[in-house]
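Me: I have a model open and would like to go through the labels used for it. Could you explain the reasoning behind each one?

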Amino acid sequence: MTDPLLAPGATIGVLGGGQLGAMFAAAARRLGYRVAVWDPDADAPAHRLAECSITKPFADTAAAAEFARQVQAVTFEWENVPSDLCARLEQERPVRPSSSVLRIIQDRIEQKTFLQRQGLAVPRFSIITSPQQLGRDEALGLPLICKTARSGYDGKGQWMVTGTAELTQARAAMQEGAQPGMRWIAEELLRFEREVSVLVVRGVDGAIRTYPLVDNVHEAGILRRTTVPADVSSGVADHATDLAARAVTALKGIGVFCVELFVMADGRVLINEVAPRPHNSGHYTLDACTVSQFEQQVRVLCGLPLGEVRLLSPAVMINLIGSEIDAVSGKGNLFEVPGAAVHFYGKRTVRPRRKMGHVTFLADSTGEAAARADAFCAILR
Ligand code: ADP
Ligand code: MG
């Protein structure tokens, strides 16, 4: 596809209508674009911000043709949308990132193999094709973490194995969910010092913008807290940022990417995974940066110049997960906290482990932002 600049007024499409799709739609509308949202779930938050909504299954080819007619360019809000659908849409419209990048990223084995071949550091891993194979790779040993190669997110489809009892449990759980041809990846379980991530924006012309390195804390596989900027040496920050940019460049990725990395006590940095889209750990950019990750997604998609990345304030972001939303949404107190930017996603059904909203605490220092975040977390518990 050749690449005309899409001026405001054009209709742009997003596959997936969760909170990431909704924040993309909000950014697009602010710039004067119309948005078409395709999500089979009629209740998905982004539908409320859409000019056109499609709720047909992603496999519906007539709906794909209709969507391609409605929109002038397509992006997606997460990596588990069908790459075949993206490939089909790509024949008629620019899709960013492309279906070929999506194909690599969708499969943890393909992704890690790709990164490793590029000479980029990743945890040691082995490919698992049957549950009984888990734990048999002497070179990998224990402890390990096993993940389904495809469709996992927020720690779903993952088993931590430190001893033989867990190994038996993991094999049984894998067997239970097994389908023909299914694969898993086993990785060395790293005792990292911290988890960090960095947003990389890459335009059609290969121009790159990176956001500051952020520090992430996960609980049970789900992001709990992001702190920006991360408290690491400039050497580590530069190295991590360089790795992330090299990964996206190697992929020839066009769009917004988030690269998750592990920082080891000895200063080594390894890539955990690459997300081909804005990321939960980048939500702070909505309130703490000149141009948010979602606006960058719009800009890249439409061929506009990439936005200047400028951090306006240190920040700490806290996710509202499951019923935590009930502890705050009916009460006004949160709205009185100075520097607190509140985001509720408006999901109708509260489910355990479901991301329901987030709050970004802005302050003059990360210490002060963290103190406000801590006081807030005490209320959540
Ligand atoms: P997801 O797609 O669910 O985000 P990740 O691979 O990022 O999957 O794993 C979720 C979390 O599990 C990570 O953020 C990290 O805390 C932990 N984790 C994943 N892989 C490893 C590893 N090799 N060693 C240690 N912890 C890991
Ligand atoms: Mg992850």
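Reply: Happy to; what follows takes the labels one by one, and please keep in mind that this is a predicted model.

Me: Let's begin with helix α4. Which of its residues are buried?

Reply: In α4, which spans residues 99-106, the buried ones are S99, V101, L102, I105 and Q106. Each earns the word because buried means under 20% relative accessible area.

Me: How do you know on which side of α4 they sit?

Reply: Around the axis they take up an arc of only 155 degrees, so they fall on the same side of α4.

Me: And what do these buried residues of α4 pack against?

Reply: Their partners are two strands that follow later in the chain, β13 (255-263) and β14 (269-275), along with β4 (73-76), α3 (83-90) and α5 (108-117).

Me: Why are α4 and α5 called roughly perpendicular?

Reply: The angle between α4 and α5 is about 100 degrees, and their axes are 5 Å apart. Angles from 65 to 115 degrees count as roughly perpendicular, and therefore that is the name for this pair.

Me: Which residues make the contact between α4 and α5?

Reply: From α4 come I104, I105 and Q106, and they meet R108, E110, Q111 and F114 of α5. Sorted by class, this contact has three nonpolar, two polar and two charged residues.

Me: Next, the magnesium ion, ligand 2. What makes E260 and E273 its protein donors?

Reply: Distance does. The donor atoms are E260 (OE), E260 (OE) and E273 (OE), at 1.9 to 2.6 Å from the ion, and a donor has to be within 2.8 Å of a metal such as this one.

Me: Why can this pair be said to tie parts of the chain together?

Reply: E260 belongs to strand β13 and E273 to strand β14, so the pair links parts that are 13 residues apart in sequence.

Me: Are E260 and E273 buried or exposed?

Reply: E260 has a relative accessible area of 9%, which is under the 20% limit, so E260 is buried. E273, at 22%, lies between 20% and 50% and is therefore partly exposed.

Me: What about Q297, and why is it given the label it has?

Reply: Q297 lies in helix α9, residues 293-302. Its relative accessibility is 6%, under the 20% limit, so Q297 counts as buried.

Me: Which residues does Q297 touch?

Reply: Setting aside residues up to four places away in sequence, Q297 touches F24, T75, F76, V256 and P278. As for A73, its C-alpha is 12 Å from that of Q297, although 224 residues separate the two in sequence.

Me: Where are the cis peptide bonds before P97 and P229 placed?

Reply: P97 is in the loop between α3 and α4, and the bond from R96 to P97 is cis with omega near -5 degrees. P229 is in the loop between β12 (222-228) and α7 (234-250); its cis bond is the one with V228, where omega is about -5 degrees.

Me: V232 sits in a loop too. Why is V232 called partly exposed?

Reply: V232 is found in the loop between β12 and α7. Its relative accessible area is 22%, between the limits of 20% and 50%, so partly exposed is the right term. Leaving out neighbours within four places in sequence, V232 is in contact with R194, L213 and A237.

Me: What is notable about phi in A220 and R353?

Reply: Phi of A220 is near 50 degrees, a positive value in a residue that is not glycine. R353 is not a glycine either, and its phi is positive at about 70 degrees. A220 is in the loop between β11 (214-219) and β12, while R353 is in the loop between β16 (340-344) and β17 (355-362).

Me: Why do A220 and R353 get their accessibility labels?

Reply: A220 has a relative accessible area of 61%, over the 50% limit, so A220 is exposed. For R353 the value is 36%, between 20% and 50%, so R353 is partly exposed.

Me: Last one: how do you know which label fits R30?

Reply: R30 is found in helix α1, residues 19-30. Its relative accessibility is 64%, over 50%, and therefore R30 counts as exposed. The C-alpha atoms of R30 and C146 are separated by 42 Å, with these positions 116 residues apart along the chain.

How values were computed: Residues numbered from 1 in each chain as written. Chains lettered and ligands numbered in written order. Predicted model: local features only at pLDDT ≥ 70, side-chain atom pairs only at ≥ 80, totals over all residues. Heavy atoms only, no water. Buried < 20%, exposed > 50% of the residue type's maximum accessible area, 1.4 Å probe, protein only. Helix = DSSP H or I, 4+ residues; strand = E, 2+ residues; numbered from the N terminus. Arc of directions from axis to C-beta. Contact = heavy atoms within 4.5 Å. Axes fitted to C-alpha atoms, helices over the stretch in contact; angles between N-to-C directions. Parallel < 35°, antiparallel > 145°, perpendicular 65-115°, else oblique. Nonpolar A, V, L, I, M, F, W, Y, C, P; charged D, E, K, R; others polar. Donors = N, O, S within 2.8 Å, 3.2 Å for Na, K, Ca; no water.
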